[in-house]
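Colleague: I would like a close look at one part of this model. Please start from a single place and work outwards from there, in plain terms.

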Amino acid sequence: MKTFRLIGTGLMAVLLCFAFTACDGDDEEDAPNDPPQETEKKLVKMTQFIKGYYGDYYNTFYFEYDSQEKLSQYRYFSTTPWGEKTDIKDFLHSENAIMSTNKNGDYIKYNLFNDKINIIQREESIYSDVYHLKYDASGYLSNITEGRSTDYITEFNFTWSGNKLIKYQTESGMEEHKYTYNSKTCKGFNPIFFFHGMNIEDCLLLLAHPELAGFKSNQLPSSINREWNNKITGTWTFNYELYPDGYLKKCIATLEGFDGEGGYGDYFEYTFTWE
């Protein structure tokens, strides 16, 4: 699994619907039932359009779930200036691990501890890697260490304020990404909270189940500043559109650079389908 890259960022448990009936001791008439609690919708499709200097990219992700409402398969279709790509991964869930496999026999294993991923192992014919994840006292992701040996280790640290990610940085502190917010939130969760700006490639499990990596949040950041040695080298700004029921429908992310080298610009557009 490749390191985090700038590409283009709480709990998805299913709420049990219930109702109860109370009896009046005087007239023994049934009291009205409480309304059932609403079951949170699942992300079933995400599209990503990227406009960059080298041409346009179109990516589509489909998510399917089993009877336990756990991700069972995702399908990925991509069109780039250099061609097309497809990928299908199946997921097998057990008590302490989740296995992701594709038709080539490559796999990703997610080890679980206290319902959170603590180790991610990726094995392919020509590539392998391992990630170790740690969490703060509130259950949010605080650290990721990447690397199979002490010869090559990369660390990423995360700072939260409630369910708002404030900053993530490399272990040296030289590269930082700082988040700003207004009062905007969505129902359910924000799928790109982990995906945009902090993507573990091929880790699409976390788009469907961000709670497994302590990254579930309904916050909608307004901007992200990327800094290198305390100098801003790029700023993402975000605009959102919600469905009538409050779930996130669309997000447009625009990147502007201030690196003194003429700048750079990228345009990302996401759409989301929930069921």
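Modeller: The side chains of Thr 47 and Thr 271 are joined by a polar contact of 2.3 Å. This is a predicted model, so the value comes from predicted coordinates. For a polar contact, the N or O atoms have to lie within 3.5 Å, and one must be able to donate a hydrogen that the other can accept. Thr 47 belongs to strand 1. Leaving out residues up to four places away in sequence, Thr 47 touches Asn 59, Thr 60, Glu 269, Tyr 270 and Thr 271. The partner in the polar contact, Thr 271, is thus one of the residues on that list.

The strand around Thr 47 comes next. Strand 1 covers residues 43–52, and 7 of its 10 residues are buried, so the rest of the structure largely encloses it. Strand 1 runs antiparallel to strand 2, residues 55–65, and 8 bridges join the two. The chain passes from strand 1 to strand 2 by a hairpin of 2 residues. As an example of the pairing, Lys 51 has Asp 56 in strand 2 as its bridge partner.

Further along the chain, strand 3 and strand 4 are also antiparallel, with 8 bridges between them. Their hairpin has 2 residues between the strands. Within this pairing, Arg 75 has Ile 88 in strand 4 as its bridge partner. Strand 4 then pairs with strand 5, again antiparallel, through 4 bridges. Here the hairpin runs through 3 residues, and one of the facing pairs puts Phe 91 opposite Ser 100 in strand 5.

Asn 96 is in the loop between strand 4 and strand 5, the latter being residues 97–101. Setting aside neighbours within four places in sequence, Asn 96 is in contact with Tyr 110, Asn 111 and Leu 112. The C-alpha atom of Asn 96 is separated by 6.7 Å from that of Phe 113, which is 17 residues away along the chain.

Phe 91 leads on to the aromatic residues. Over the whole structure, a search finds 16 aromatic pairs. One of them is Tyr 74 with Phe 91, a tilted pair with ring centres 6.0 Å apart and 40 degrees between the planes. This pair links distant parts of the chain, since Tyr 74 is in strand 3 (residues 71–80) and Phe 91 in strand 4 (residues 83–93), 17 residues apart. Tyr 74 is buried at a relative accessible area of 1%. Phe 91 is buried as well, at 8%.

A second pair is made by Phe 238 and Tyr 240: the ring centres are 6.3 Å apart and the planes are at 10 degrees, so this pair is stacked. Stacked here requires planes under 30 degrees apart, with ring centres within 6.5 Å. Phe 238 counts as buried at 8% relative accessibility. Tyr 240 counts as buried too, at 17%, because the limit for buried is under 20%.

Ring pairs also build a cluster from Tyr 140, Phe 158, Trp 160, Tyr 168 and Phe 215. Another ring has a charge for company: the charged end of Lys 116 sits over the ring of Tyr 135, 6.0 Å from the ring centre.

Strand 14, residues 231–242, and strand 15, residues 248–256, pair in the antiparallel sense over 8 bridges. At one position of this pairing, Leu 242 stands opposite Leu 248 in strand 15. The hairpin between strand 14 and strand 15 has 5 residues, and Gly 246 in the turn has a positive phi of about 100 degrees.

Last, the cysteines. A disulfide is a covalent bond between the sulfur atoms of two cysteines. The structure holds 0 disulfides, as judged by the requirement that the two sulfur atoms lie within 2.5 Å. Cys 251 is buried, with a relative accessible area of 0%, and Cys 186 counts as buried at 6%.

Notes. Residues numbered from 1 in each chain as written. Predicted model: local features only at pLDDT ≥ 70, side-chain atom pairs only at ≥ 80, totals over all residues. Heavy atoms only, no water. Phe/Tyr/Trp six-rings, centres within 6.5 Å; stacked < 30°, edge-to-face > 60°. Buried < 20%, exposed > 50% of the residue type's maximum accessible area, 1.4 Å probe, protein only. Lys NZ or Arg CZ within 6 Å of the ring centre and 35° of its normal. Pairing = 2+ DSSP bridges. Contact = heavy atoms within 4.5 Å.
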